[in-house]
Amino acid sequence: MPSPIRILTAVPICDGHDSAINTINLEFIRHGIEVIYLGYHRSVGDIVRASIQEDVRAIGISSYNGGHIEFFAAVVDLLRKKGADDIKVFGGGGGTITHNDAAIMRRKGVDEIFFAGTSLDDMVQFVHRRYGKPRTKRPRPKSADQELAHNLSKIEEAYGIGNRKRRTPNAQRRTPKLSRAQRALECGVLAPLSTRKSKVVGFTGPGGAGKTTLIDELVLRFLHRNPKGRIAILSHDPSVVGEGALLGDRATMINSQDDRVFMRSMATRGQPGGLSPATHDCLALLAQSNFDYVIIETVGTGQEAMPFQKNGIVDSTVLVMNPDYGSRLQLQKIVMLDLADIVVVNKSDLQRARTAHTEIEQRLEQNRPARRSLGGGGRDQQLIDTVAKRHRDSGVDRLFELISRR
Ligand code: B12
Ligand SMILES: Nc1nc2c(ncn2[C@@H]2O[C@H](COP(=O)(O)OP(=O)(O)OP(=O)(O)O)[C@@H](O)[C@H]2O)c(=O)[nH]1
Ligand SMILES: [Mg+2]
């Protein structure tokens with residue numbers, strides 16, 4: 001099975017017309033397309049940087065606020081300047097973009113503009129027809145980030161090829177069994193994860209607990225503390241084999257829209273447990289690519305998840321909890337509470353946060369012997385309360401110091 005088409009969608013300025021992009025994202029996802037959604041109020045620079053790092057086939061822009069001729073053209077021009085003009089630009093804006101405007105935009109290099117009345121099906125067909133064929137000859141990368149992005153695509157696509165070779169009905173068994181050596185040959189980019197130069201920190205926890213918001217705040221602190229430092233983020237969202245996905249973590253990121261941050265969004269493509277079949281190899285590549293830190297965010301996970309246990313792919317693990325997990329009984333069932341190095345009770349602005357802190361503290365106290373037998377060596381687990389959505393939160397400061405010291 002070939003890899004799904006990856007596109008990036010964005011809205012330059014949201015003036016209230018947001019239902020169009022939400023409808024279109026959903027329709028694309030339903031038809032097997034992976035959509036990296038960048039969200040609203042995104043500049044030309046942010047859109048182009050994200051599209052290069054994500055190595056998408058095309059950028060879909062929804063624009064209802066005017067200035068579309070200039071904005072779309074600026075995106076096309078910057079892509080050209082960055083040597084990334086194999087990433088195409090298309091979009092729409094209902095009744096705000098006239099046929100005359102669209103003709104000018106096409107002359108300036110925009111692939112297609114869709115008008116009010118076009119069926120969603122026509123747009124899906126367009127994406128499959130225009131962006132569905134594999135890219136054979138790629139332009140020579142003009143920057144290290146672009147080269148890295150191309151190589152990450154090669155790795156992900158190699159797993160797509162693996163899927164085609166193995167036809168088994170069970171999703172877990174569909175994970176290809178190509179050896180690391182085979183893939184290294186195919187991609188020519190891999191070194192063992194043990195040769196990493198970066199510290200690798202894994203963030204996991206239930207859906208919506210605030211993982212992305214927290215990572216974004218930690219990135220802000222990192223960028224301030226290290227004026228020349230660079231950081232990479234490998235972010236995961238769920239998908240079923242052969243189907244589309246909404247890769248939405250970028251839409252939450254504010255501070256991470258920065259040239260010193262390289263972010264890549266991955267769909268799990270049918271693999272249970274919070275990561276993708278290609279995560280390990282993509283991480284190996286990122287970890288040898290001159291970043292001070294590589295941060296992995298898993299899919300929102302359930303009680304049984306142990307996403308980082310295999311192959312020791314992270315140096316430390318942060319479990320982000322929502323105070324609303326239920327009762328003490330639920331805490332007994334969450335496997336990651338035995339394994340995480342740091343447990344964060346995020347959303348401590350919420351009413352139940354105090355109780356959550358006490359209950360989790362007692363739970364961590366109880367599981368010390370269990371942790372020893374699981375290879376944790378009896379190390380102390382840290383428990384920190386944060387309010388990630390609050391700027392300059394002192395709990396996030398403490399978490400940052402703790403991670404920096406590890
Ligand atoms: C629904 C709507 C609203 C809703 C938006 C709700 C929401 N949450 O999105 C509300 C009521 C909030 C609204 C408000 C306003 N609206 Co209004 N609105 C519309 C309307 C009727 C439909 C827009 C829509 O979402 N349609 C559904 C989408 C899926 O279809 P579509 O817009 O036709 O887009 C097609 C393509 O362009 C394409 N497309 C769109 N984006 C993208 C992106 C990608 C990647 C791709 C591939 C394709 C694509 O997909 C569709 C295919 O059929 C349009 C009329 C129109 N058709 O444009 C006016 C319209 C856009 N609004 C208009 C105006 C003037 C306003 C207001 C200023 C009204 C006012 N005086 O207060 C405010 C501004 C918002 C604000 N700041 O408060 C004008 C804009 C005129 C202009 N030329 O600039 C329009 C054109 C109506 C008109 N004829 O006068 N609006
Ligand atoms: N009240 C409160 N809300 C928060 C806090 N941190 C994050 N949120 C909100 O929680 C929602 C989810 O945040 P995300 O950072 O996207 O959560 P996530 O864990 O990355 O979600 P998934 O990636 O979908 O699993 C957003 O609406 C945030 O604004 C917090 O400290 N307090
Ligand atoms: Mg997230």
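**Figure 1. Pairing of strands β11 and β12 in the predicted model.** In this predicted model, strand β11, which spans residues 316–321, runs parallel to strand β12, made up of residues 342–345, and the two are joined by 4 bridges. Among the residues involved, Met-321 has Val-345 of β12 as its bridge partner.

**Figure 2. The open sheet that contains β11 and β12.** The sheet has 7 strands with parallel pairing, and these follow one another in the order β9-β7-β10-β6-β11-β12-β13. Its edges are formed by β9 (261–267) and β13 (382–385), each of which pairs on one side only. From one strand to the next, the twist averages 20°.

**Figure 3. Helices α10 and α15 against the sheet.** Helix α10, residues 279–287, lies across β6 (199–204), β7 (231–237), β9 and β10 (293–297), and the helix runs at about 170° to β7. Helix α15, residues 394–405, also packs on the sheet, where this helix touches β6, β10, β11, β12 and β13, and its direction makes about 150° with that of β13.

**Figure 4. Surroundings of Ser-239.** Ser-239 is placed in the loop between β7 and β8, the latter strand covering residues 245–247. The residue has a relative accessible area of 9% and is therefore classed as buried, since the cut-off for that class is under 20%. The side chain of Ser-239 reaches the backbone nitrogen of Arg-269 at a distance of 2.9 Å. Leaving aside residues up to four places away in sequence, Ser-239 touches Glu-34, Gly-244, Ala-245, Ala-267, Thr-268, Arg-269 and Gly-270.

**Figure 5. The cobalt atom of ligand 1 and His-17.** His-17 lies in the loop between β1 (6–10) and α1 (19–30). Through its NE2 atom, 2.2 Å away, His-17 is the single donor that the protein provides to the cobalt atom of ligand 1. In addition, an N or O atom in the side chain of His-17 is 2.8 Å from a nitrogen atom of ligand 1.

**Figure 6. The shell of residues around ligand 1.** Ligand 1 is surrounded by 24 residues, of which the closest are Asp-15, His-17, Asp-18, Tyr-64 and Gly-95. At least two residues of this shell are supplied by each of α1, β3 (58–62) and β4 (88–92). Backbone atoms also take part in polar contacts with the ligand: an N or O atom of the Gly-95 backbone lies 2.5 Å from an oxygen atom of ligand 1, while a backbone N or O atom of Gly-93 lies 3.1 Å from an oxygen atom of ligand 1.

How values were computed. Residues numbered from 1 in each chain as written. Chains lettered and ligands numbered in written order. Predicted model: local features only at pLDDT ≥ 70, side-chain atom pairs only at ≥ 80, totals over all residues. Heavy atoms only, no water. Donors = N, O, S within 2.8 Å, 3.2 Å for Na, K, Ca; no water. Pairing = 2+ DSSP bridges. Axes fitted to C-alpha atoms, helices over the stretch in contact; angles between N-to-C directions. Contact = heavy atoms within 4.5 Å. Buried < 20%, exposed > 50% of the residue type's maximum accessible area, 1.4 Å probe, protein only. Polar contact = N/O pair within 3.5 Å; in protein donor to acceptor, adjacent residues only side chain to side chain. Near = heavy atom within 4 Å.
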